[in-house]
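Student: I am new to this structure and should be grateful for a close look at a single part of it. Could you please describe that part and then follow the connections that lead away from it?

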Amino acid sequence: MAFAVARQERYRRTKKGQLAYLRSCEKEMKKLRSTEEGRMVLRLRKIKCRWGQAVADWYEKQKPMCKICGKNVNKSPENSKDKQDQAVIDHDHCYTAKDYRNNPKLKPRGLLCHQCNVGIGNFKDSIDRLLNAILYLSRNST
């Protein structure tokens with residue numbers, strides 16, 4: 001059995017073996033992308049790589065709803081063009097993704113839809129700016 005493993009490893013180091021391995025990986029990715037569960041697996045892998053295991057576990061437990069507007073969001077989008085319905089992890093910008101990876105007790109603020117996330121980003125996470133916008137709208141709305 002050990003001989004077979006060693007032979008496979010030698011084959012993977014060759015150009016032909018590398019191409020075969022890449023084809024099998026691409027085939028697996030295509031298969032995963034075709035189902036809702038598979039897309040969720042891929043999304044969790046991506047979150048785990050960037051944010052760490054604690055945030056991936058947190059993401060999996062979240063309800064697929066925007067914390068601001070209450071709109072249903074898609075936690076495992078079919079393709080990256082569905083940005084309007086895609087769930088976005090909202091986090092405190094004084095921390096980096098590396099901080100979230102290194103500190104499992106640190107959790108993101110919540111899941112948001114794309115529009116609410118962009119809105120908060122445009123106000124630079126400033127409560128004062130948001131309050132000024134609320135006051136402006138209340139004074140000038142018809």
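Tutor: A residue is called buried when its relative accessible area is under 20%, exposed when it is over 50%, and partly exposed in between. The model before you is predicted, and the part chosen for a close look is helix H3, which covers residues 36-51.

By the definition just given, the buried residues of H3 are Gly 38, Arg 39, Met 40, Leu 42, Arg 43, Leu 44, Ile 47 and Trp 51. An α-helix has 3.6 residues a turn, so residues three or four places apart point the same way. What lies over the buried residues of H3? The cover includes H2, H4, E1 and H5.

The length of H3 can be checked as well. With 16 residues at 1.5 Å a residue, H3 should span 22 Å, and because its end C-alpha atoms are 22 Å apart, the two values agree. Just after H3 comes Gly 52, whose phi is positive, at about 110 degrees.

Helix H4 follows, at residues 53-61. Its buried residues are Ala 54, Val 55, Ala 56, Trp 58 and Tyr 59. Helix H3 is among the elements that cover them, and the cover also includes strand E1 (88-90), helix H5 (97-102) and strand E2 (110-112). Thus H4 helps to cover H3, and H3 in turn helps to cover H4.

Helix H2, another part of the cover of H3, spans residues 15-33 and contains Tyr 21. With a relative accessible area of 36%, Tyr 21 is partly exposed. Together with Leu 19 and Leu 22, Tyr 21 makes a nonpolar surface patch of about 280 Å². A salt bridge joins the side chains of Glu 26 and Arg 33, with a distance of 4.0 Å from N to O. Both partners are partly exposed: Glu 26 has a relative accessibility of 47%, and Arg 33 one of 39%.

Strand E1, which also belongs to the cover of H3, leads to a further group of charged residues. Arg 109 forms a salt bridge with Asp 90, their closest N and O atoms being 3.0 Å apart. This pair links distant parts of the chain, since Asp 90 is in strand E1 and Arg 109 in the loop between H5 and E2, 19 residues apart. Asp 90 counts as buried because its relative accessibility is 7%, whereas Arg 109, at 44%, counts as partly exposed.

Arg 109 also forms a salt bridge with Asp 125, where the closest N and O atoms are 3.3 Å apart. Asp 125 lies in the loop between H6 and helix H7 (127-140), so this pair ties together parts that are 16 residues apart in sequence. Salt bridges that share partners thereby join Asp 90, Arg 109 and Asp 125 into one network. Asp 125 itself is partly exposed, at a relative accessible area of 28%. The structure holds six salt bridges.

Finally, helix H6 (residues 114-122) contains His 114. At 23% relative accessibility, His 114 counts as partly exposed. Apart from neighbours within four places in sequence, His 114 is in contact with Lys 83, Gln 84, Gln 86 and Val 88. The C-alpha atoms of His 114 and Gln 84 are separated by 5.4 Å, although these residues are 30 residues apart along the chain.

Methods: Residues numbered from 1 in each chain as written. Predicted model: local features only at pLDDT ≥ 70, side-chain atom pairs only at ≥ 80, totals over all residues. Heavy atoms only, no water. Buried < 20%, exposed > 50% of the residue type's maximum accessible area, 1.4 Å probe, protein only. Helix = DSSP H or I, 4+ residues; strand = E, 2+ residues; numbered from the N terminus. Contact = heavy atoms within 4.5 Å. Patch = residues over 30% accessible without salt bridge, like charges linked within 9 Å, V, L, I, M, F, W, Y side chains within 5 Å. Areas by Shrake-Rupley, 256 points an atom, 1.4 Å probe, with all protein chains shown as cover. Expected span 1.5 Å × (residues − 1).
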